[in-house]
Each structure stands twice: as C-alpha cells, then as structure tokens.
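This report looks at side-chain packing, with attention to charges over rings, aromatic pairs, nonpolar cores and one buried polar side chain. The sequence and structure come first.

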Amino acid sequence: MEAGDATAGAFVRRDGDDQTAKDQHKAPKREQTPTRSKMEQIFGFKKEDLTSWHSFVSLLNRPTDPASLGIFRCLFGLLMVIDITQERGLSNLDYKYLDGAPVCRFPLFNFLQPLPLDWMYLVYVVMFLGASGIMLGCFYRLSCLMFLSTYWYIFFLDKTTWNNHSYLYGLIGFQLTLMDGNRYWSIDGLRRPSIRNAHVPLWNYTLLRAQIFIVYFIAGVKKLDADWVEGYSMSYLAHHWLFDPFKLILPVELVSLLVVHGGGLILDLTAGYLLFFDVTRPYAFFFVSYFHCMNSQLFSIGMFPYTMLATSPLFCYPDWPRNFFAHFPSFLRAVLPLTSPGSQPSPSCVYEEIQGSGTQLKHKLGAIFTVLYLMEQFFMPYSHFITQGYNNWTNGLYGYSWDMMVHSRSHQHVKITYKDRKTGETGYLNPGVFTQSRRWKDHGDMLKQYATCLHQYLPRYNISDPEIYFDIWVSINERFQQRIFDPRVDIVRAEWSPFKPNKWLMPLLVDLSPWRTKFQEIEGSLDNQTEIVFIADFPGLHLENFVSEDLGNTSIQVLQGQVNVEIVEEKKNYTLQPGEQIKVPAGAYHKVYTVSEDPSCYMYVYVNTTEAALQKNFTKLYEIQERVRNGTETEPLPPELQPLMAADDDEGSEVNATDPIVRLFLKRQRRMKEVKKRREAGVLERLQRFAVKKYYTIRRGILMTAIAMRNLAVGLPPLEQLTREVAYANMKEPQAEASQDERLKDEVGHAEL
C-alpha cells in the first residue's frame, strides 16, 4: 500500500499509471507530466478540472484502476453474508416472525407486514444469495438488486432494529449496484473477458470515500453536543477492561472524559481527513483500526467494526492490491487477484487522449448522481425539521443521523394503563406485552403504533374499545428521571403526524442539567449498600410508586420545588420543602404530587435490606471457608456448613448443600471462577470459544432455512417430524448453554459490556 505522492488520499486522483495499453484497442500511455501544481500534488486534480461542467464530468469519469474497488466489493459481500445470519436475524427468524403469534410490530410504513414464516426464510435466502454474488462478483448487477431489495424490505419492516451501521450497509449496497465493482477478481470477469480488469470511472471511488468521510465527520460534529463534551454520554465505558491500561495513569473519571469522550470526538472529526493524505494515512490507519477493534469488544454491533476496517484501504492508491498480492508465492497466483500492472479501457470512462472519446450521457448522469447523492447525504442528518413527528428528546429516528452513542438512556419506571370505554374498568398491562422490543418507550411514533396495536388485541380479552395511557420515566445522559410522554393523554386517539411536532411529548428539563455535578457528590457520600434515584416531575402531575419489601429504609428527600407525599394505606399526606425528607413504608403504595409552580426535584434513597443481609452472610461464609483452607478453624463445622470444606472444583458440594444460603454462596463462587477463567483465557481458547459460538449460530440458521425451503417445496411434514427437526437445529454447545455468558455477567460487577 505504498504511496508516492499525495494524490492517493483525495476524493479524486489522477491514475495515469494504469493506462499502459499497447495496441489500438487500448488507451495510449499518458505522458509523464514534467511539473504538477501544488493543488494537483495534494488533491489529485487541477483547478482547471473544476472550471467547466465538461472538465468536471471528465474528472469524475477519469479511468481508474479497479483493483481496490474489487477487493472492497469482495470483503463487503463476505461481511454481509456473515451479517445475515447474525444481526439481520436469520438464526432466530422463527422467534421473530412466528406465524399466528399476536405481536405488535413497528414498520416504517404501516402497510408493510412480514410474510408467512417460510416465505420470510425465502426472503433471507434471496438476500443471502445476493450477498454471496456480490462477494464473488457473479451476476453482479442481479446479485446487487437481490441483496438491495430484500435488505431494505427487512430494514423498513422493523424500526426498532434501526441503527446507523445497518443504514450504512444499505447505502453501500445501493452504491455498489451502480458501480463497476465486478471488474476485478470476479467470476463475471472470467465469464466476460471484455470487462475483466477494465478501468472504472473515478466517481466510483469518490462516492465511497466521501460516504465514509461523512460517517466519520458528521459523527464527530454530532459529538460536539455538550453532553458528550462534558463526558455524560458514555461514562460507563470507562469501567470496561479495555481501558485498564489508561487507568494505570489516570483516574477513571479522566479516562471517561479524556479517552472515551475526548478521544472519540477527535478521532471522528479528523479520521476522514487523515485518511486522505499520504503523510497522515499510516497514523490514521493505526488509530482507526485500534478504534474499531475496541468497538468490536465494547458493543454488540455485529460486522460494523469490520466493515469500517474494510473501507480504510479505499483511501489508498487504487492499485494497492496488485502490489500486495505480488508478494505471495507464485503457486497461489491462480486463485489470487491479478498482480500485473495496467487495465483495459472501459466505455464507462472518459479518455481525453483518444479522439472521439468525449463525454456521453452516461458519463454526465454519473457525475450528476455523484453530486446529488453527496448533497443528500450531507442534508439527511439535519433534515429533522421536515420529519418533526419523529423528533423526541433527540432528533429523528436513530439510524440515519450518524449520532452514534451520543445519547444513553435508562428507564426507571414504565406503567401502561388501559380503560374500558364501555364499562369504565381500568387496569394495568405488563410493559412490553405483545412485543419483543423495548425501543417503543423512547419514540412517539412507535408508541402510537404500539397503542393502536394494543387497541386491536385487547378486545380478545373482553376489554372493549380501550383507552391506553403510558407513564414512562427516562433519564438521558445521567439527568433526572422524568416523564417523556404526557401520562394523561390517550395515545390511541392522540394525534400524530410525521410532519408535525408531537403535542404529547413532555419537554426535556435541560435547565436541571447542572444538577448532574451534584449527583456525583451525593452518590460519592453514600456507602456501597445504599442506592439512590433522582426524580424530576412537572407541576400538576404525580408519581404513584410501590416500595418492595426488600427495600428497607426508603426515604424521599426534596431537592427543589414542593411536593405532597400521600401514604395510601395510612391515608395521610405530608408536604415537603427543599431539604426535607420522609420515610415511606415498604410493601405499600405511595404517591408524590408536585404542588409547586415549577418542576419538583427529589430523590429516593434506599437500601436493599435483603441483598445487604445476603452479602453479610456471604462475608461470614467466606471467612469460615478461608479459615478452613488455612487450618486456623479450630471448631468442627455444623452439617449445613460442611460443603464449604469441599474442593474448589467440586460441583457436587453445591448440590449437597442443604442450607439455601450456602448453596447460593457456592453457586456464586463457581460462577465467579468461571468468569475469571474466561477472562484469563489465552488467545487460542478465546478464538475457539468464539468460533464454536458462531458455528452453532450459523448452523441453526442454515438448518431452519433448509426446513422452511422444504416446507415451501413439498409442504409441511407430520408434526412429530417437524418437532424433531427443529430440536436438532436448536442443539447447543454440549458443555455450555447459549445464555451462560449473560448469566455470568449478571453475577459479577466488572462485566464485559
């Protein structure tokens, strides 16, 4: 990937070295320019290339080596093949689209509905074949259309799965459909020698490079948000083990502020620029690669880190694969990409040296498309003033704004109330009933769809023409927990339009944001067993809450405003001013009314007495166990404590324990040891564990797809046979359940995020 001048990093560059044809069917070799302007050395094009529409079209259609584009096409297709079985959900498709199940769905357009389950598998087969065709460069245009049509159908079918990188995959697939991505290392090139190793127009590279630049740069601009700059967006990441080296020299607070937030901001703002230029590209490669490798461990974002790694070489010289694969042994040349220099001419390009090779309509259309597409991509992240109905506390649906990780949310309280309009009966629904997603809690458009769906399903349970009310409490970027939607509005009959502001959205209390500094001081003054929740509420509203019997010493302390606390069972009311507090009984309901003219702020302080007592017993058991191990225990243990004397790896001691606390103690110890063993595992063991997990995931997807295709071809088999086939597809790793990792993480505080 060596580079001789600064042209490789620009959106556009002169690629004269590739034009080395020697006969009349090939473009003549361009003479070496004796001197080049400073602009041409830096950006790869001259000022004259921008002085007229004709020269601009010629620039964007300049013949360019197809090698780098071909390698990227292959890598992107491979990553999409893997992605289909994982993040696109092929391996658990039957759980998501089970026929006949009463499920509320959240498509972008309400007329979009999933097909029957077996036909959904067929949709995924078409998408899989399309991605495979892109990877192999086989029937390239058809493969792109197969992948693109099914991918966007799946994408629009469920807004709850939207994210920025899934949107990016669709954009890249759309771009590749219009590009000549099959000119290098493709089966199409073997079938059609006329396109093999043929030039591609420069706009193919310009579009992809600009798209990746937009991803980085707009993400950096969005991180100029005050919450990110002040370190509130992703503060929890600093506790991850990946940042342990930084914690050797910095306190965790500074690791969060300087490394997580400061480093992320600087990298996103500068990565796109640094990748463009020869001098800075090696440094950009290092930091960008390190960044994406960390993200692959920090977040469950599928193939996105690897896709971004695959885009980095696009900023190198287009002929870098020829130089790279030329170093491989000669006996591999038959299966490796071409390494010989030079490409054959293509009608997709404009050759200024050949008479009669002027700009044609398709060249002009390519240039127009490039300009319009890039304008649209710069506009989309800031188009929320049009689609105002999708705006909540943050602008738009998460997925096309490149505001990655700028906002983190936590939900403290969610209540769904229904009212039968005929009988007047009221009741409560389990949050999330009839749906598999939780993202409806933060988006007004999804909440409207959810309420409409509940209105359709509840009559099956003798609830006629119900009204649906939502009381959802959210904290965004470590602010107060507060209501996001008006709990007094019947969402079924509430007005909603994609182009009008949501009238039942409650405003974010940004004026209370400075309290976050005080939160840290208050939390720092508490012991490890005391928990705290900060609440803010609007005048005229109240919070109805139930205190679990496990939570002893629960009190409410007012920070700002005035509240009235009603103890429901006692039928007593207490008015509290700032600084005053009251203890609320456990195992009972209470209501907190905001009676001041301004929003009230208060906090719940409580201790999980059950957990505290359990930890105290665990401490005693651990001390006894240590004394037994080092021989300092002088008295014989009672029968219920005898399992503590068993060997560390004796799982039978856990089973033989008669005391429930001893059994739970031994179980937790065993799991903590398993977590420690996994963390201390070597690279080979980690790779083996990763490969086995992916094997069973992909295996299930393939087998369930085969069952569905058989069902479509010859019909359903007997139920017993179908049950056996599904059970075989569901076979797990012999020594571990699939969910074991998650259970272990719940047991240990320093879990992998």
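## Charges over aromatic rings

In this predicted model, Lys222 lies over the face of Tyr382, at 5.1 Å from the ring centre. The neighbouring entry in this group is Lys223, which lies over the face of Trp228, at 4.9 Å from the ring centre. Lys222 is also the residue at which helix α9, spanning residues 202-222, comes to its end.

## Nonpolar cores

The largest nonpolar core has 126 residues, and the members that touch the most others are Leu176, Trp402, Trp440, Ile468 and Phe470. Helix α9 (residues 202-222) gives the most to this core, contributing twelve residues. Apart from this core lies another, made up of 17 residues, among which are Val533, Val558, Val565 and Ile567.

The surroundings of Trp440 can be listed in detail: leaving aside residues up to four places away in sequence, Trp440 touches Phe106, Val414, Ile416, Pro431, Gly432, Thr435, Met446, Leu447, Tyr450, Phe470 and Ile472. Phe470, one of these contacts, is itself among the core members that touch the most others.

## Aromatic pairs

The count of aromatic pairs comes to 51. One of them joins Phe72 and Phe76, whose rings are stacked, with 6.1 Å from centre to centre and 25 degrees between the planes. Because these two residues, Phe72 and Phe76, are four residues apart in helix α3 (residues 67-85), about one helical turn separates them. Both Phe72 and Phe76 are buried.

A pair with another geometry is formed by Phe286 and Phe287, which meet edge-to-face at 5.2 Å centre to centre, with 80 degrees between the planes. Phe286 is exposed, its relative accessible area being 54%, whereas Phe287 has a relative accessibility of 48% and therefore counts as partly exposed.

## A buried threonine

Where does the side chain of Thr705 find a polar partner? A polar atom of this side chain lies 2.6 Å from the backbone oxygen of Gly701. Thr705 belongs to helix α22, which covers residues 683-714, and with a relative accessible area of 10%, under the 20% limit, Thr705 is therefore buried.

Beyond residues up to four places away in sequence, which are not counted, Thr705 touches Leu90, Tyr121 and Val125.

Note on methods
Residues numbered from 1 in each chain as written. Predicted model: local features only at pLDDT ≥ 70, side-chain atom pairs only at ≥ 80, totals over all residues. Heavy atoms only, no water. Core = buried A, V, L, I, M, F, W, Y, C linked by side-chain atoms within 4.5 Å. Buried < 20%, exposed > 50% of the residue type's maximum accessible area, 1.4 Å probe, protein only. Contact = heavy atoms within 4.5 Å. Phe/Tyr/Trp six-rings, centres within 6.5 Å; stacked < 30°, edge-to-face > 60°. Lys NZ or Arg CZ within 6 Å of the ring centre and 35° of its normal. Polar contact = N/O pair within 3.5 Å; in protein donor to acceptor, adjacent residues only side chain to side chain.
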